[in-house]
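Colleague: I should be grateful for a close look at a single part of this model. Please describe the part you choose step by step, in terms suited to a first-year student.

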Amino acid sequence: MRDITVFSGSAHPELAEEICSHLGVPLHPVRVSRFANDVIAVQLQANCRERDVFLIQPLVPPTQEHLVELLLMLDAARGASAARITVVLPHYAYARSDKKDAPRISLGARLVADLMVAAGAGRVLTMTLHSPQVHGFFSVPVDHLHALRELAAHFSRHDLSDTVVVSPDLGNAKEAAHFARLIGADVAMGAKQRFSDDRVVISSVIGDVEGKDVIILDDEIAKGSTVIELLDRLRERGVRSVRVACTHGLFSDGAIERLSALPEVKEIVCTNTVPPPKPGDKLTVLSIAPALAEAMRRIHFGESVSALFGTP
């Protein structure tokens, strides 16, 4: 694979190192500096000419800094005559800004997609977008992976004979149903209304959960307000145990501590699409580096990426 060149921004270099280890290629250095006026400058410190260049950068806090860094990496690779530039975007934070649900509101998901393409992105490889329509905001090919195989392989080690997968809302119900099929479980969902970033109300749970072992599945957990609200409804319905699973474990503002303190929560499972918090008694972090590495290999050699979605 001598024609592949991989760079990482500063958002999650540990994931990039693991991906390159699976690919068997080096992770090339990137020099990020600042001018006296606080402007960021980026230099890719390896040859890009006529190479298949991959830039790995999840958009995690400080999100705006990492976004500008990615845009400058794209511009640098394009200016260095890269044959093709693929953005490896394990977490697309702006995907939550995907609809006009208030007057005069911006659609950040589309704008940032346009910015990446304008800066030089020829392809995007991403993981578990907040909503599937965000895929269509890009004017270049997008390979949209999910972490359901990794999560299913983990939970299949447990007795799932009396398990229900619960989606916190209708928007994530399709993914929850897919995951439930993978592990041979039933599915239920919450009826959620969001009033602000940290205020949600779940009025009821649709489905049979009484006396069941529950797996709450969401795409990301930030402050954890949705999961905690859902747990209140599940407690009222008399569930036996709860495990929480997500792809993007952001866990801001002490969310992991609040969730771990709840006695009915037996385990919290996330992947390393974003830098994970410090391991705890209830936290399990699964690696998606092998899946991303295999997708990158398939993109490089022109093979099918959709084959990665088969039953584990």
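Modeller: The following account begins with a sheet and then turns to a buried asparagine and two helices. The model is a predicted one.

The sheet is open and consists of 6 strands, arranged in the order 2-1-5-6-7-8 with parallel pairing. At its edges lie strand 2 (27–28) and strand 8 (142–145), each of which pairs on one side only. In general, the strands of a sheet pair through backbone hydrogen bonds, and the pairing may be parallel or antiparallel. Strand 1, which comprises residues 4–8, pairs with strand 2 in the parallel sense over 2 bridges. Within this pair, valine 6 has leucine 27 of strand 2 as its bridge partner. Helix 2 (residues 63–79) packs on the sheet, where it touches strand 1, strand 5 (52–56) and strand 6 (84–89). The direction of helix 2 makes about 160 degrees with that of strand 6.

A record adds an annotation to this region. An unreviewed UniProt entry assigns the domain "Ribose-phosphate pyrophosphokinase N-terminal" to residues 5–120. In the model, this span is 34% helix and 23% strand, and its end C-alpha atoms lie 16 Å apart.

Attention now passes to a single residue. Asparagine 272 is located in the loop between strand 14 (265–271) and strand 15 (283–286). Asparagine 272 counts as buried because its relative accessible area is 8%, and the cut-off for buried is under 20%. Apart from neighbours within four places in sequence, asparagine 272 is in contact with His12, Leu15 and Glu18, as well as with Val285, Leu286, Ser287, Ile288 and Ala289.

One of these contacts, Ala289, belongs to helix 8, which runs over residues 289–301. Helix 8 has 13 residues and reaches 18 Å from its first C-alpha to its last, close to the expected 18 Å. Its buried residues are Ala289, Ala291, Leu292, Ala293, Ala295, Met296, Arg298, Ile299 and His300. Just after helix 8, glycine 302 adopts a positive phi of about 70 degrees.

Helix 6 (residues 225–236) may be described in the same manner. Helix 6 has 12 residues and reaches 17 Å between its first and last C-alpha, close to the 16 Å expected. Thr226, Val227, Glu229, Leu230, Leu231, Arg233 and Leu234 are buried in helix 6. In an α-helix there are 3.6 residues a turn, so residues three or four places apart point the same way. Just after helix 6, glycine 238 takes a positive phi of about 75 degrees.

Conventions. Residues numbered from 1 in each chain as written. Predicted model: local features only at pLDDT ≥ 70, side-chain atom pairs only at ≥ 80, totals over all residues. Heavy atoms only, no water. Pairing = 2+ DSSP bridges. Helix = DSSP H or I, 4+ residues; strand = E, 2+ residues; numbered from the N terminus. Contact = heavy atoms within 4.5 Å. Axes fitted to C-alpha atoms, helices over the stretch in contact; angles between N-to-C directions. Expected span 1.5 Å × (residues − 1). Buried < 20%, exposed > 50% of the residue type's maximum accessible area, 1.4 Å probe, protein only. UniProt positions renumbered as here; feature names shortened; annotations may be inferred.
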